[in-house]
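Visitor: I'd like to go through this one with you, starting with how the chains meet. Could you put it on the screen?

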Amino acid sequence: MNLPLYLDRALFVGLPYAAISVCLIVSLQRYGWRMFTYSSLSSQLLENRTHFWAMVPFHYGILAVLLGHLIGFSVPRAVLAWNGRPLRLYVLEAAALSFGVLALIGLAALINRRLTNAKMRAVTSAMDWLTFALLLFQAASGVYVAVFTPWGSTWYAAVVVPYLWSLFGLNPDAGVVTQLPLAAQLHIVNAFILIGLFPFTRLVHILVVPNPYLWRRPQIVRWYGSR
Amino acid sequence: MNIRAQISVVFHLDKCLGCHTCSLACKNIWTDRPGTEYMWWNNVETKPGAGYPSLWEDQQKYKGGWDAGGKLKSTSKSRIVANIFHHPSMPTMDDYYEPWTYDYQELFNAPEGADQPTARPISLVTGKHIDIEAGPNWDDDLGGSPIYAAHDPNLAGLTAQQRQQLFAVEQLVFFYLPRICNHCLNPACVAACPSAALYKRGEDGIVLLDQKRCRAWRACVPACPYKKSYYNWSTGKSEKCILCFPRIETGQAPACFHACVGRIRYLGVLLYDADRIREAAARPNDELIDAHRSLILDPFDPEVIAGARKCNMPESTIAAAQKSPVYQYVKVWKLALPPHVEFRTLPMLFYVPPMAPVMAARQGDALNHVSQDLFHDIEQARVPIAYLANLLAAGNESKIGYALRKQKAVRWYRRAQTVGDVDAQTALRMLREADCSAEEADAIYRLTALSTFEERFVIPAGHRELGVEALQDPLKHKQQAGFGFIAGPRRGL
Ligand code: HEM
Ligand code: SF4
């Protein structure tokens, strides 16, 4: 779909830079000065019957999908080479789609859980609702693109990744991205909105996922001063 | 040897009157904020009973503590990767209770009418009217015991006759179990925390939870077998008993200790060997009590003192350890025992088991509880030894028997001296059979019945100045530090 040039520029060049800058600066600021607010804000204590069916599919789905995006972003050529054979393409597309659907189902369950339970509503902020809405749109548009505009993995690697690299190379070239189907464009724009809002939401818990646990000693003793 | 100091406590269950003053002192200071209303860092439960949260002792349900192989039952490093999104053994608010207040305005605003106005309960979570279904002490004094007390996990292994003995109408018997965090030597909460937010303070062993580092992965809640780490649903942080460290550092007893009406609480330093923690926690069940006790070192032993100095322990801490009432109760007299030592966290709170009323035997028309054997009635006590052993000795009945016999001997010995209806010979024989000397009996009597505030709470100096010195030139610190910046505990966006 074609938009006026200035809108293209705003959405595919201005917005990404603004969003990424805000994301970096505010996340760091929040980490440094408002460390207390970094939390996954678990709600399992308040509602535990549908909790599993919301959190687990959503997280497995969204993490797999994000990992897929990251792989495509890092080694687009390998993805294109992989997709050279139809069978392999189908496998990749089917896997991506299933994880996307998993995330979408989980997200729906998660939103339903918050809507239907009074205790859950009490711990859901306006910002949470906005986050869930944006995530829902993101996951839904992603699944839509995967189903109706084949083959997403190929054109992501061939068209979107070069655009993303051009952003990181400070030589922005929205070029072909503006020719993508509307759903795909919306998916991209919404992604940047999410990135920009990220540091203002509960999503910051992704930044503090505790990997050192896997190799630290079990017991921790702290002394005043060093020992 | 790696000698460390631990602020440890003894609760004398024979003196607890179940008044809940301790719980309220704690609540008023620490847990009246949004998200903490349901937490009772100090709670008093009736035993036998289901406790708070309901059935906390049932580790089939909650998976708290360690197994004998040194693995956490709730999570492991590999399992947390999957469990972090949904913790399989996380309790829910229903296992505690939904906190509430009352809309007192309804009392004032009610229109004039024939009936009394009422204030309806309002949930402190949702702010809506609720029907109260449970509270933190729903089975206080055995209320509803066919539902609650009958499911007490400590009843496992009791014979039908023993159970009947506990619940027989008109012979019903119970005692109180006040509970706070045990500030364990091998804390499951600390080991479970993916963010390393929980830690044990080196200087005094208090287990704390760093609010800034907690990320609500909530692994500590299932991991603690005593359910003494709580999740604040409002701030999205876990919280737990801090043993009132700001009070301890300034020489005051923790609030629940200070408030205790029955004077059942004792607090003091124990020195222990930190290198042997793991080994002690891995012993078979029936050796655990002795292994735990063997970690505690004699603060009068010159070798221990030299070792403590080598580990940079301040002289004042060593001196406090020598005056510690806890050392007397736990190590010297062997009267106080750790709760559920089979959970293997090596709790540093010890209970003196309660002397329960004797079970009277019906002889013809008369109730009779006189027996030739002087200790006979301990076996016949209405709270069976087997029950107390499940609670305080990992099933090891001899440990409970020892503590009860000694208590009883001390009573008779005192009775011989003050009332005179027991002859001195019998009293001394009882002391001998209870492994107790006359001097020891006097000391037990004094500390149990007459002790002053200063004798019950021997609080080591906080030595914050040493901490400052380790980090910075104290003069500079004095000029710069002030009160620092304080960020309110506000929930994330
Ligand atoms: C390995 C990475 C991640 C970990 C360990 C993680 C962990 C968690 C945890 C523990 C919760 C709280 C669940 C509860 O209520 O008990 C949570 C909630 C949530 N996470 Fe994640 N997360 C991760 C990645 C992500 C990602 C990539 C996203 C989305 C882009 C995400 C979105 C959310 C959302 C929206 C919630 C709130 C759900 C709700 O309570 O309704 N997470 N996460
Ligand atoms: S009782 Fe032990 S395991 Fe539980 S919170 Fe206290 S230190 Fe941790």
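Visitor: How many residue pairs are in polar contact across the interface of chain A and chain B?

Guide: The rule finds 30 such pairs across the interface of chain A and chain B, both residues being at pLDDT 80 or more; a polar contact is a pair of N or O atoms within 3.5 Å, where within protein one must be able to donate a hydrogen and the other to accept it, and residues adjacent in sequence count only if both atoms are side-chain atoms. Please keep in mind that this is a predicted model, in which local features need pLDDT of at least 70 and side-chain atom pairs count only at pLDDT 80 or more, while totals for chains, interfaces and linings use all residues. Residues are numbered from 1 along each chain as its sequence is written, chains are lettered from A and ligands numbered from 1 in the order in which they are written, and side-chain values use heavy atoms, with hydrogens and water left out.

Visitor: Which element gives the largest share of chain A's side?

Guide: That is α2(A), with seven residues; helices here are DSSP runs (H or I, at least four residues) and strands likewise (E, at least two), numbered from the N terminus.

Visitor: And how many salt bridges are there between chain A and chain B?

Guide: The count is two, a salt bridge being a side-chain nitrogen of Lys or Arg within 4 Å of a carboxyl oxygen of Asp or Glu. R222(A) and D210(B) form a salt bridge through their side chains, at 3.0 Å from N to O.

Visitor: What does β1(A) pair with in chain B?

Guide: β1(A) runs parallel to strand β6 of chain B, residues 198-201, and two bridges join them, at least two DSSP bridges being needed for strands to pair. Within β6(B), K200(B) is the bridge partner of V221(A).

Visitor: Switching topic, where does ligand 1 lie?

Guide: Ligand 1 sits between chains A and B. There are 24 residues around ligand 1, and those that come nearest are S42(A), H51(A), H59(A), R114(A) and H205(A), where a residue counts as near if one of its heavy atoms lies within 4 Å.

Visitor: Which side chain has an N or O atom 2.6 Å from a ligand oxygen?

Guide: That is the side chain of S42(A), while an N or O atom in the side chain of R114(A) is 2.7 Å from an oxygen of ligand 1. For S43(A), a polar backbone atom is 2.8 Å from a ligand oxygen.
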